[in-house]
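Work through the exercises below with the sequence and the structure open. Try each task before reading its solution.

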Amino acid sequence: MFHKILIANRGEIAVRIIRACKELGIATVAVYSEADKEAMHARLADEAVCIGPTPSSKSYLNIPSIMAAAEITDAEAIHPGYGFLAENAEFAEIVIESGYAWIGPSPESMRIMGDKVRAKARMQEANVPLVPGSDGAVHSIEEARQVAKSTGFPLIIKAASGGGGRGMQVVHAEPRLPAAFNKCQTEAGAAFGDHTVFIEKYLEEPKHIEVQVLGDKHGNIIHLFERECSMQRNNQKVLEEAPSPSIDEATRQAICEAGLNAAKAVNYEGAGTIEFLLNPDNSFYFMEMNTRIQVEHPVTEWITGVDLIEWQIRVAFGEKLAFTQQNIKMKGHAIECRINAEHPFKFTPSPGTVELYHAPGGRSVRVDSALYTGYTVPPHYDSMIAKIITHARDRQKCIRRMQRALDELAVIGITTNTELHKRLLANPGFQRGDFNIHFLENWLKQIPS
Ligand code: ADP
């Protein structure tokens, strides 16, 4: 096994990775920006190296600085976490070419999946269902009009290199098409350095269902069932659960099988997620693949019993998966609430000093966080400060357990979105599992802030 791993990240995910390393007997190196001197990840790791000033562009995204930290500490492998450089194929290549192990998929699979047009072409070859739309990139308004004849309206124009919910234009009628096309092209160029756009039919009431996969370097690849991630605001997930409360067994099997085929089509190694949109009639379509560990991985860990971070490390080292598809069974239900330092209904950020932090506990409650009493949440990074995860034998019990866990949570000194979660968990539509990706935003329009 590796002797020492450098974690190129911060916050709860850096802490999560350090915890996994400790349990495996692997030494850890944290990297931190000037704003993060007092951060939990820098304190928990065996060694910590400052990699630059506060802005992430100068620290957590500063490749030469991170590589220098790996060299001076004699680390053998680099774990990128999520966000920052996790899906940067060039970084993965630099890591590998410099003689370190990359805890993630091959740069080649990252490149294919990072380009949505290339990814869709590969998925088509593998018979993974795609949202009806253009055959590859669309270069002109005239071409867009032709595509619109087959997709109809509404349609969505998307940037091939887009991400984070940016670079998308929904078009409801023909007259808006030229302006939206130009806008999407221009914005894609400005934001991602690539003007390439493509068109899809806009699905009106889909659910966001994603499939967790895990592959090793020996050609073994399995899925670990699905997660339900329809609770979103501004294309950002708020609460996730596993399994999905509203798909039948046949749909589950079909979607997990499609996810597995998608991963196999790029010879995927490590942990990855295939995102699908599911229609009310149970038809589903590939949306994209995330070639990294995801924020919401704990819900899958809880229903399957597989430690995904541990297995990311093991397969990167070259170990074979110790289980087959048949060994992976689903047990009970898990929910994750993302606790953010922001107003629960106005969504204004609320960084600052935490005067008191008390984490919930008790049976089947997990808290992934880098928070502690006296810590100052910096305004410069992601606002997520904790993930509360609960597990129970069924969904109803899991919801109750989450409600009592959130009642125990105390974060004094800054504002958090805990109240949003409490209200959502009590919502009858949520409790019935009767929702799609618009549910949260529609509900927020109705409730007084
Ligand atoms: P990103 O890489 O920016 O996250 P995605 O392709 O994953 O972009 O899409 C982000 C979100 O946009 C989805 O979760 C979904 O809510 C919405 N979306 C994307 N494509 C479609 C579509 N064809 N129809 C309806 N909604 C879509």
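**Exercise 1. Two positive phi angles**

Where in the chain is the place of N127? Then describe its phi angle and its accessibility, and do the same for F347.

Solution.
The model is a predicted one.
Step 1. N127 sits in the loop between α6 (116-125) and α7.
Step 2. Its phi is near 60°, which is positive in a residue other than glycine.
Step 3. The cut-off for exposed is over 50% relative accessible area. N127 has 68%, so it is exposed.
Step 4. F347 belongs to the loop between β14 and β15 (352-353). Although F347 is not a glycine, its phi is positive, at about 65°.
Step 5. Buried means under 20%. F347 has a relative accessible area of 16%, so it is buried.

**Exercise 2. Cis peptide bonds**

Locate the cis bonds that lead into P154 and P243, and place each proline in the chain.

Solution.
Step 1. The bond from F153 to P154 is cis, with omega near -5°. P154 lies in the loop between α7 (141-151) and β6 (155-159).
Step 2. A242 and P243 are also joined by a cis peptide bond, with omega about -5°. P243 is in the loop between β11 and α9 (249-264).

**Exercise 3. The side chain of E226**

Is E226 buried or exposed? Find the polar partners of its side chain.

Solution.
Step 1. E226 is part of strand β10.
Step 2. Its relative accessibility is 0%, so E226 counts as buried.
Step 3. A polar atom of the E226 side chain lies 2.9 Å from the backbone nitrogen of S244.
Step 4. The side chain of E226 also makes a polar contact with the side chain of R252, at 2.9 Å.
Step 5. Leaving out residues up to four places away in sequence, E226 touches I209, E210, V211, A242, P243, S244, I247, R252 and C256. P243 and A242, the pair joined by the cis bond of Exercise 2, are among these contacts.

**Exercise 4. The faces of helix α4**

Which residues of helix α4 (residues 89-97) are buried? Work out how they are arranged, what covers them and what is found at the ends of the helix.

Solution.
Step 1. A89, F91, A92 and V95 are the buried residues of α4.
Step 2. Seen down the axis of α4, these residues fall within an arc of 160°, so they line one face of the helix.
Step 3. A general rule helps here: an α-helix has 3.6 residues a turn, so residues three or four places apart point the same way.
Step 4. The exposed residues E90 and E97 are on the face of α4 turned away from the buried side.
Step 5. The cover over the buried residues of α4 includes α3, β4 (77-79), β5 (101-102) and α5 (107-114).
Step 6. N88 caps the N-terminal end of α4, with a side-chain oxygen 3.0 Å from the backbone nitrogen of E90. After α4 comes G99, whose phi is positive, near 95°.

**Exercise 5. Helix α13**

Repeat the analysis for helix α13 (residues 418-425).

Solution.
Step 1. In α13 the residues T418, L420, H421, L424 and L425 are buried.
Step 2. They cover an arc of only 160° around the axis, so they are on the same side of α13.
Step 3. The buried residues of α13 pack against β10 (221-233), β11 (236-242), β14 (333-340), α12 (395-408), α14 (428-432) and α15 (439-446).

**Exercise 6. Around the ligand**

Which of the 22 residues around the ligand come nearest? Describe the shell and the polar atoms that approach the ligand.

Solution.
Step 1. K116, K158, G165, L203 and E288 come nearest.
Step 2. By class, the shell has eight nonpolar, seven polar and seven charged residues.
Step 3. At least two residues of the shell come from each of β6, β8 (197-201), β12 (270-278) and β13 (284-290).
Step 4. A polar backbone atom of L203 is 2.9 Å from a nitrogen atom of the ligand.
Step 5. For E288, an N or O atom in the side chain is 2.8 Å from an oxygen atom of the ligand.
Step 6. Taken alone, the ligand exposes 550 Å², and the protein buries 92% of that.

Conventions
Residues are numbered from 1 along each chain as its sequence is written. This is a predicted model: local features need pLDDT of at least 70, side-chain atom pairs count only at pLDDT 80 or more; totals for chains, interfaces and linings use all residues. Side-chain values use heavy atoms; hydrogens and water are left out. Buried means under 20% relative accessible area, exposed over 50%, partly exposed in between (1.4 Å probe, protein chains only). Helices (H or I, at least four residues) and strands (E, at least two) are DSSP runs, numbered from the N terminus. The arc is that of the directions from the helix axis to the C-beta atoms. Contact means heavy atoms within 4.5 Å. A residue is near a molecule or strand if one of its heavy atoms lies within 4 Å of it. A polar contact is a pair of N or O atoms within 3.5 Å; within protein, one must be able to donate a hydrogen and the other to accept it, and residues adjacent in sequence count only if both atoms are side-chain atoms. Accessible areas come from the Shrake-Rupley method with a 1.4 Å probe; for residues, only the protein chains shown count as cover. Ala, Val, Leu, Ile, Met, Phe, Trp, Tyr, Cys and Pro count as nonpolar, Asp, Glu, Lys and Arg as charged, and the others, Gly among them, as polar.
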